[in-house]
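Please open the structure in your viewer and keep the selection tool at hand. Each stop below says what to select and what is there.

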Amino acid sequence: MTDTDDRLVFLDEEESAAGSGQTIAMLPPWRVLIVDDDADVHETTTFALRDITILNRPIEFLHAYSGAEALEKLRADDDIAVMLLDVVMETPDAGLQIIRVVRTELKLVNLRIVLRTGQPGQAPEMDAISSFDINDYKTKNELTRNKLFTTLTAALRSYDQLKRLDASRLGLEKIIAASNEFITKPGLKSFAEGVITQIAGLLGVTPEGLVCASRIPSDSPEHAAEQLKVIAAAGKYCHFIDQDLNRISAPEISAALTTSLTEHRSQWGSNNVTLYFESREGHKYAAFIDSSKAIAAVDQHLLEVFCTNIALCANNIELVSALREQAFFDRLVRLPNRVAMLRELDNALGGPDCGHQGLAIIDVDQFSSINDIFGHHYGDSLLRAIAERLRAFFPHCFIARVAGDVFGILGRRESLTPEAIHRVFAAPFSIDRVEHPLSTSIGVVHLGDVQGDGSDGIQNAYIALKRAKSSGMGQSAYYSEAIANETRARSRMLSDLQRALLSGDQLFTVFQPQYCLGSGSLTGFETLVRWRLPDGQFVPPSDFIPIAEHSSLIVNLGEWVLRNALEAIDHLHRNGHAGLTVAVNVSTVQLRQPNFLAVLDQALTDSGVDPTYLELEITESAAALGLDQVAGLVRSIRSRGIAVAIDDFGTGFSSLSYLDRLAVDRLKIDRAFVCTLDDGSSGRVTEMIVPLGKHLGMKVLAEGVETRAQLARLRALGCDEIQGYLIARPMPLPELEQWLLTDAEDVLKRAEPA
């Protein structure tokens, strides 16, 4: 390579429009790497472009005198904008080899390359440009000062555009990532914190000194101007969180945020930025960001795009927040709901203060009756009044509505005593100018006694509540392991009863004879159900019948008993015992079923039994269905020819109007009243029931008759029929048949009057 070939010849010495007379902006210089094995080329290139600014930025030259040195610098520094590269150095294609490494190995795709050569024949121009990403290809004698300036300007402009595209691409990627992140945030506060974090990431600064504020909508328009509140902050501004904007001790920040929120625009300061955006629902947000430097134009544009996108995110966040409110908040009483209580309980059970906290479940006594009598609007108003009073009495507790008329309170054990809760309801509630006194049943559990999560805590409190309700209205009970064991035993009994009903080998029916005092003959039998376990032990009906009723298993069990009774009486009729009737107990739960009459009709059809041989026994508790409904059912039953009896009369509602409107066929006196007849001075209830039934045109049957003294008193009172051990114990059908053949006649003779 000769001096003539390698020398840069500058034919034009005139100043360009971007010469030394222009003021250099305070921006970082463009970094240009000269790669050439001739030191004169380095010197003349530097001299030719001295004091030149391109695109308002000065130039800083870096130097490499071999291909290896150039690659070393490029590996260490990825902020080089342009490389002025000689083609021929150590080898005829050294420059082209450098380009190959730069593009394929170092992946420096933005670096602009101006290829220079003093020997044009060494690298064909078209091949070089088509094979490699080269910004320009010139021979050294073409590069006058003006042409060098023009070539370098074009290369730097291209580099700047590529960098801006990169910045936009990265910014958009961050915005997309930020949007995805925001969607997962559980609420407005977390969303605002995310805004701070993402803006800091976009600007390349730490989240120190960032504040986000929001205009909170007010129910009163006249107060709207005051509803500016800091909802998230970071770094040295953390203490501003949840403060009103006009009260923070940073007037410059308050002013910037207020201006953005009132003028609906972003602001760019010398060392900060205040961004404005709003959601589709009209909620307005502003974010103040400290920055150690002025925000570049490209970053301003990026942040404007960010604000547009983040406004869309705000819409989604507000929607998600509304959905979360629906999921965790009860709008009727303006309290958290059961789901929120479960979440709060989970947190409390996992916290260090668990042993000192308790949960109370409060059930309003007879609330369904209040709704029925006064209407649902009144009931809703009453629930809101209860919620308001609970908030006032327990301001430091977590209060939730966990069911229709059931409230839960989570707080310190010493606060959640039944006495403290009953004081809430000591004064009546004034609803629609009606003073309404209330009583409540309360179940309390100490969290230290809960083994499990929040659902276990609520379940334990309900176990205590059920114990309280079993004692009557206005009672309370604490959860204990003994109560839990009893509840678990009842649950096991229910499961066992279900299996027994399905298997059919443990449950069986028995029949107790009923005796007519007037004729001295049998009239029929009452059907009863018995449960014998595989080990031969019996489960008392008083234990399993209430469980069946509470679980609605009584519906299937009752139908099974009905069909067994009809089969039994049909069998007796066909075997010489015509005219006898069979009585079957019907639970209120069965009567409540919409298809009760259809089930009854189908059972009669399947058995072929004349309906006049069937009697259904209902209890006074059926009045809970409503007098009109029960009276309608009784009429429908009797219209089929089926008799109806009131069982256990005197132990339930005992309403004479109820009894008169039902117009049933028979009253059955409960054994609790019959057993007092042995004492000549007692039996006053029985003495009233017998003439009452007769006056209403009903037959009267006394249950549980065990002694001749009881029989004599009942006969003297005019009782029509008796049932009890004095005549016979309940017997399975085979034993009953044998009793009818061998023992019945003698037993009935002994029951005749002396």
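The tour covers a helix, a sheet and then some side chains. Bear in mind throughout that this is a predicted model.

**Stop 1: helix α14**

Select residues 454-470, which make up helix α14. The helix has 17 residues and reaches 25 Å from its first C-alpha to its last, close to the 24 Å expected at 1.5 Å a residue.

Which residues of α14 are buried? They are G454, G457, I458, N460, A461, I463, A464, L465 and A468. Many of the numbers in that list can be read with the geometry of a helix in mind. An α-helix has 3.6 residues a turn, so residues three or four places apart point the same way.

To see what covers these buried residues, add α10 (338-349), β14 (357-364) and β19 (440-446) to the selection. The cover also includes β20 (476-478) and α15 (481-503). Before leaving, click on G472, just after α14, where phi is positive at about 115 degrees.

**Stop 2: the five-stranded sheet**

Two strands from the previous stop, β14 and β19, belong to an open sheet of five strands. Its order is β15-β16-β14-β19-β20, and the pairing is mixed. Which strands lie at the edges? Select β15 (398-403) and β20: each of these pairs on one side only. From one strand to the next, the twist averages 20 degrees.

In general, strands of a sheet pair through backbone hydrogen bonds, either parallel or antiparallel. Zoom in on β19 and β20, which pair in the parallel sense over three bridges. Here G443 stands opposite A477 in β20.

Now show α10 again: this helix packs on the sheet and touches β14, β15 and β16 (406-412). The direction of α10 makes about 130 degrees with that of β15. Next select residues 376-393, helix α12, which lies across β14, β15 and β16. Helix α12 runs at about 5 degrees to β16.

**Stop 3: aromatic rings**

How many aromatic pairs are there? The count comes to five aromatic pairs. Begin with W30 and Y159, whose ring centres are 6.4 Å apart. Their planes stand at 80 degrees, and over 60 counts as edge-to-face, so this pair is edge-to-face. The two residues come from distant parts of the chain, 129 residues apart: W30 is in strand β1 (residues 30-35) and Y159 in helix α6 (residues 145-183).

Are these two residues buried or exposed? Buried means under 20% relative accessible area. W30 has 4%, so W30 is buried, and Y159 at 5% counts as buried too. Keep W30 in view and add R57, which lies over the face of W30 at 3.8 Å from the ring centre.

Move to F425 and F429, an aromatic pair that is tilted. The distance is 5.9 Å centre to centre, with 50 degrees between the planes. F425 counts as buried at 6% relative accessibility, and F429 counts as buried at 2%. Add R389: its charged end sits over the ring of F429, 3.7 Å from the centre of that ring.

**Stop 4: Q498**

Finally, select Q498 in helix α15. At 38% relative accessibility, Q498 counts as partly exposed. Draw a distance from the C-alpha of Q498 to that of A548: the two atoms are separated by 9.0 Å, while the residues are 50 apart along the chain.

Definitions and conventions
Residues are numbered from 1 along each chain as its sequence is written. This is a predicted model: local features need pLDDT of at least 70, side-chain atom pairs count only at pLDDT 80 or more; totals for chains, interfaces and linings use all residues. Side-chain values use heavy atoms; hydrogens and water are left out. Helices (H or I, at least four residues) and strands (E, at least two) are DSSP runs, numbered from the N terminus. The expected span of a helix is 1.5 Å times one less than its number of residues. Buried means under 20% relative accessible area, exposed over 50%, partly exposed in between (1.4 Å probe, protein chains only). Contact means heavy atoms within 4.5 Å. Two strands pair if DSSP finds at least two bridges between them. Axes are lines fitted to C-alpha atoms, for helices over the stretch in contact, and angles run from 0 to 180 degrees between N-to-C directions. Rings of Phe, Tyr and Trp (its six-membered ring) pair if their centres lie within 6.5 Å; planes under 30 degrees apart count as stacked, over 60 as edge-to-face and the rest as tilted. A charge sits over a ring if NZ of Lys or CZ of Arg is within 6 Å of the ring centre and within 35 degrees of the ring normal.
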